[in-house]
Amino acid sequence: MWTQKRLRLPAVRRGFHLITDLLVAELPELEQIRVGTAHFFIQHTSASLSINENADPTVRQDFEAYFNRTVPENAPYFRHTQEGPDDMPAHLKAAMLGTSVTIPITDGQLALGTWQGIYLGEHRDQGGRRWVVATLMGEQQ
């Protein structure tokens, strides 16, 4: 079984946001897969997807603080600044974190660890709604 959907995420403020439940809610086909793989790809160059801690919100706050220090706005060496001071830093953060995650599917569920969730990294102050392409592949139940 193969299925693919383009999912529209709501606009969120800059930072790291858990989107696991939102993605799963849009993919009822997931329940039909006994064993397989889910691949999620974000179609943007200033936002990212990653997997990390899903319980303590301070982890997401610390992620934001770390990346803001690592890739500061208004660095004098940035030349790509037409869209504002968060533009080039957003591209760099997205490149560092990545555009996709791949997760095993086991008995109709994402086989994430107990404390794992899918993060949307929104790296722009005004990023807007984002698109994610979800591809499910696997053996049906």
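This is a short walk through one protein model, from its overall build to a few individual residues.

Hello everyone, and thanks for coming. Please keep in mind that we are looking at a predicted model.

Let's start with the whole chain. Its secondary structure comes to three helices and eight strands. If you read along the sequence, the pattern goes β-β-α-β-β-α-α-β-β-β-β. The C-alpha atoms fill a box of roughly 55 × 30 × 20 Å along the principal axes. For 141 residues, a compact globule would have a radius of gyration near 14 Å, and the protein's 16 Å agrees with that.

What about inside and outside? Of the 141 residues, 43% count as buried. The protein exposes about 7700 Å², and carbon and sulfur atoms supply 50% of that area. Among contacts with a separation of 6 or more, 83% are between residues 24 or more positions apart.

Now let's move to the helices. Helix 1 covers residues 20–25, and Thr 20 is found in it. Is Thr 20 buried or exposed? It is buried, because its relative accessible area is 14%, and the cut-off for buried is under 20%. Leaving aside neighbours within four places in sequence, Thr 20 is in contact with Leu 110, Leu 112, Gly 117 and Ile 118.

Helix 3 has several buried residues: Asp 87, Met 88, Pro 89, Ala 90, Lys 93 and Ala 94. What covers them? The cover includes strand 4, residues 47–53, and helix 2. A general point helps when you look at this helix: an α-helix has 3.6 residues a turn, so residues three or four places apart point the same way. Right after helix 3 comes Gly 98, with a positive phi near 105°.

Positive phi also turns up in two residues that are not glycine. Asn 74 has a phi of about 60° and sits in the loop between helix 2 (57–70) and helix 3 (87–97). Asn 74 counts as exposed, at 62% relative accessibility. Asp 107 has a phi near 50°, and its place is the loop between strand 5 (100–106) and strand 6 (109–110).

Finally, the charges. There are 13 positive and 16 negative side chains, and the centres of the two sets lie 6 Å apart. Side chains of opposite charge can pair when their charged atoms come close. How many salt bridges does the count come to? Nine. Let me show you a few.

Lys 5 pairs with Glu 29, the closest N and O atoms being 3.1 Å apart. That pair links distant parts of the chain, with Lys 5 in strand 1 and Glu 29 in the loop between helix 1 and strand 3, 24 residues apart. Lys 5 is partly exposed at 26% relative accessibility, while Glu 29 is buried at 16%.

Next, Arg 34 and Glu 139 meet at 2.5 Å, N to O. Arg 34 lies in strand 3 and Glu 139 in strand 8, so this salt bridge ties together parts 105 residues apart in sequence. Arg 34 is partly exposed, at 37%, and Glu 139 is partly exposed too, at 42%.

Arg 124 and Asp 86 form another salt bridge, at 3.0 Å from N to O. They sit 38 residues apart, Arg 124 in the loop between strand 7 and strand 8, Asp 86 in the loop between helix 2 and helix 3. Here Arg 124 is buried at 11%, and Asp 86 is buried at 6%.

One last group to find on screen: Arg 14, Glu 64, Glu 73 and Asp 125 are linked in a network of salt bridges. Thank you for listening!

How values were computed. Residues numbered from 1 in each chain as written. Predicted model: local features only at pLDDT ≥ 70, side-chain atom pairs only at ≥ 80, totals over all residues. Heavy atoms only, no water. Helix = DSSP H or I, 4+ residues; strand = E, 2+ residues; numbered from the N terminus. Buried < 20%, exposed > 50% of the residue type's maximum accessible area, 1.4 Å probe, protein only. Contact = heavy atoms within 4.5 Å. Rg over C-alpha atoms; globule rule 2.2 N^0.38 Å. Areas by Shrake-Rupley, 256 points an atom, 1.4 Å probe, with all protein chains shown as cover. Lys, Arg positive; Asp, Glu negative; His and termini not counted. Charge placed at Lys NZ, Arg CZ, Asp CG, Glu CD. Salt bridge = Lys/Arg side-chain N within 4 Å of Asp/Glu carboxyl O.
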